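Let us read a ligand site and an internal void together. Keep the viewer open.

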Amino acid sequence: MIVDLRSDTVTRPTPAMREAMQRAPLGDDVFGDDPSVNALQEQIADMLGKEAALFMPSGTQSNLAGIMSHCGRGDEYIVGQGAHCYRYEAGGAAVLGSVQPQPLPNQPDGSLALADIEAAIKPDDEHFARSRLLALENTLGGKVLPLGYLAEATSLARERSLGTHLDGARLFNAAVAMGGDPRANARAIAGHFDSVSVCFSKGLGAPVGSALVGSKALVQRAHRWRKMLGGGLRQAGVLAAAAQHALAHHIDRLAEDHALALHLAQGLQGIKGLELQMPQTNILFVQVQGGRGQALLAHLKELGVLATGLSGLRFVTHLDVDRAGIDRAIAAVRGFFGEH
Ligand SMILES: *Cc1c(COP(=O)(O)O)cnc(C)c1O
């Protein structure tokens, strides 16, 4: 058995999820006729306290359609250097949206410094692109942005007439890690933003799909972009049913993924040659000293443990790994360093 810690995207639908997909009533969603897609969209909009939602084939397309619904040609969005929608989406906002990114350094806690945001907002002058949008990410690298910070950063954006978008691919990981009622937390996080993108295909364990939520007007604009980007799907209810099943059954259990990531970190503590950051959610980063990162990855792979990275390695826990798998990963890493 492979212990696949490359990403929380690698999960396979559970038998119960497959049954839900099998039973889903279907229609043609390009005609707006798929009852399962419509139900999912209503549900996620309602859960996050927004007027409307749009089912999207991927988080990348959801962020892109979101940014394009806020910004036009010659506008810019303020975003973190480490943000997915800047760094890992092939420059789509610039290439397809003609929207210029204004990247800012992410602070060690994943936030953007308020002073940096303030300084990056351009005056209305023909020399500059029009600053139109602040895009944040939560969790970012598995780190949870505090609600107080979200309130401050988004009020600053609003005072300066910028829209606000959250890449909440792992919104529910943040909501669970905050403690208390994760549904109330998710709603509180989303409440600070005009639009939020959330992934069903990460820790929630659905095979495919994301949603973009926001006002009716914003979602209407995104609907046109989604069609143009090739994201209009037909009997997408098989996928929406999986996402609905995930929302019903896989939110609270994210706490188990977080506990396993912590268990992994604790198991790797004290190894000479490794530097750990204690995980807040389901992602553990490990710095490997002495240029041995690739050798460690290869060693792990031979023992059936998969991770990603270069000198900084990333281990992600999810629905398809259990404590025995994590114990195997710990033993494999310790073995590499000659520690038992
Ligand atoms: C995975 C991810 C996305 C994009 O998701 P895809 O479905 O792979 O396109 C966007 N943002 C963040 C933070 C992600 O982790």
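The dialogue below takes the ligand, then the cavity.

Q: What should I know about the model before reading values?
A: This is a predicted model: local features need pLDDT of at least 70, side-chain atom pairs count only at pLDDT 80 or more, and totals for chains, interfaces and linings use all residues. Residues are numbered from 1 along each chain as its sequence is written, and side-chain values use heavy atoms, without hydrogens and water.

Q: Which residues surround the ligand?
A: A residue is near a molecule if one of its heavy atoms lies within 4 Å of it. Here the shell is S58, G59, T60, N63, H84, E89, E137, D167, A169, R170 and K202. Helix α3 (residues 59–70) gives the most, with 3 residues.

Q: Which polar contacts does the ligand make?
A: A polar contact is a pair of N or O atoms within 3.5 Å. A ligand nitrogen is 2.6 Å from a side-chain N or O atom of D167. A ligand oxygen is 2.8 Å from a polar backbone atom of G59. An oxygen of the ligand is also 3.0 Å from a side-chain N or O atom of R170. The protein buries 82% of the 380 Å² that the ligand exposes alone (Shrake-Rupley method, 1.4 Å probe).

Q: Where is empty space left?
A: Rolling a probe the size of a water molecule over the atoms shows this. A cavity is a set of points on a 1 Å grid over the protein atoms alone where a 1.4 Å probe fits but cannot get out; lining residues have an atom within 4 Å of a point. The structure holds 1 cavity of 30 Å³ or more. About 40 Å³ of space lies in the largest cavity. Its lining includes G80, N106, E137 and L145.

Technical notes. Polar contact = N/O pair within 3.5 Å; in protein donor to acceptor, adjacent residues only side chain to side chain. Helix = DSSP H or I, 4+ residues; strand = E, 2+ residues; numbered from the N terminus. 1 Å grid on protein atoms, 1.4 Å probe; cavity = no way out; pocket = protein on both sides within 12 Å on 5 of 7 lines; lining within 4 Å. Points joined across faces, edges and corners; volume = space filled by probe spheres on them.
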